[in-house]
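Trainee: I have a structure open here and would like to go through it with you. Could we take it one question at a time?

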Amino acid sequence: MDRLTYIIVAVAAYLILAPLAGGLLAGVDRRITARMQGRVGPPILQPFYDVFKLFEKEGITVNKVQDFYIQCFLIFIVITGCFFFAGGDLLLIIFTLTLASIFLIVAAFSSNSPYAQIGAERELLQMMAYEPMVLITAIGFYLVYGTFNISDVVAGGGPAIVYLPGIFIGFVYILTIKLRKSPFDLSMSHHGHQELVKGLTTEFSGKTLALIEIAHWYENIFLMGFVYLFFAWSAPWSPILAVLICCIIYFLEIFIDNNEARVKWQLAINTSWIAAATLGFVNMLVLYFIVF
Amino acid sequence: MMSYVTKSPWIIHYDGSSCNGCDIEVLACLTPMYDVERFGIINTGNPKHADIFLLTGSVNEQNIPVIKQIYEQMPEPKVVVAIGICATSGGIFAECYNVQGGSDKVVPVDVYVPGCAARPEAIIDGVVKGLGVLAEKRAAMVKK
């Protein structure tokens, strides 16, 4: 019964707090980005204003299915986060996350716009780039704790970062793709609104675009949860340390975003796979030798 | 009821047959000097995301369908702001054989910002005037 109560509280907290925290994070992100570019920047609450405005706009869709796919995208992102914060199975979480991304890609493909189609192709390439490292991350957790269950990982003996330093660096590397930050913001960039790097969202407007933005907030909080996982263990002060490190990692991503030029997709795939093959794989080999 | 449309106006900018003077001034608004993102303004470049249509330069025969299409692709509520004297009335090009005149010959213009070239301050002022119209249009939408 105690476990059930925890799950209900965690899911409810994620459903309500994640969009608030995610929106605030996006606002702080835009402010810090502006400061790094020598500008004043928008109010911290600007992402919320944007989303509320999009809900006020007239609905224009290019076909009947597009909105349905985007709603599925949002729902599966939310389900991913719920599984994660309820302490569910890591493999299932990765599977639902992939499914959610596929819905976004199908929504973009469903229109005949060449911009949306190229954007969707780029999103697919990005998925190919980050998937190996995400899988290696899950396997790494299994090798250390002997379980894919997040609730057991968090209750484990020590922080995972001690055993998984290489996998952590590799994960932060592909986190740049997932957070849609330069140099890997090829399909749905935060900048370059007039460019092809915003191609994925070309055919979405009004409420549909607002749903994508909200899904992005949910996803960002879930990804920060993944970073948290590396630094969480049974010690009472470990959550404070882990949240602090999440903030540092996010700031690092903003810093990279503003200092790196965008790369071609070939380089994005190659370097992500190289990171997975070296940092991730070597870390796994070392674990094998320690464990057995 | 307050409308959020005035807090996050996203713009699309189209160059009719402008000499690029006004276009450079529009882009200057986005630079650290003027930084219109302070008001939540983003230059989207996508009519489906935009709330405010900034038009520069006079209208000629060839860009009439383009301007019409951009305007029609923008979701309601939307506002058109004509930037510079050419977009306002055709300016010194008004007599040219290929020029139709100001942008109001093609789409309904809500705010006129004259000038050659219009200064960034004047452009920002015009967009802020446009926000009032945007709020009115939103209120009319809610009534319907």
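Trainee: How many bridges join β1(B) to strand β2 of chain B?

Mentor: Happy to help; first, a word on the model. It is predicted, so local features need pLDDT of at least 70 and side-chain atom pairs count only at pLDDT 80 or more, while totals for chains, interfaces and linings use all residues. Residues are numbered from 1 along each chain as its sequence is written, with chains lettered from A and ligands numbered from 1 in the order in which they are written. Strands are DSSP runs of E with at least two residues, and helices are runs of H or I with at least four, numbered from the N terminus; two strands pair if DSSP finds at least two bridges between them. Strand β2 covers residues 42-43 of chain B and runs parallel to β1(B), and the number of bridges joining them is 2.

Trainee: Which residue in β2(B) is the bridge partner of B:Trp10?

Mentor: Strand β1 of chain B spans residues 10-15. Across from B:Trp10 in β2(B), the bridge partner is B:Ile42.

Trainee: What is the handedness of the β-α-β crossover from β1(B) to β2(B)?

Mentor: Look along the strands as they point away from you: a clockwise path from the first strand over the helix to the second counts as right-handed. Here the chain passes through helix α1 (residues 21-28) of chain B on its way, and the crossover is right-handed.

Trainee: How many residues of β1(B) are buried?

Mentor: Buried means that 20 or more other C-beta atoms lie within 10 Å of the residue's own; exposed means 12 or fewer, partly exposed is in between, and C-beta atoms are placed from the backbone. Strand β1(B) is mostly covered, and of its 6 residues the number buried is 5.

Trainee: Now to chain A: why is α8(A) largely enclosed by the rest of the structure?

Mentor: This helix covers residues 206-230 of chain A. It is largely enclosed because, of its 25 residues, the number buried is 23.

Trainee: Which element gives the largest share of the side of chain A that touches chain B?

Mentor: Contact requires C-beta atoms, placed from the backbone, within 7 Å. By that rule, 23 residues of chain A meet 20 residues of chain B. The elements of chain A giving two or more residues to this side are α2 (46-56) and α8. The largest share is 6 residues, and it comes from α2(A).

Note on methods:
Contact = placed C-beta atoms within 7 Å.
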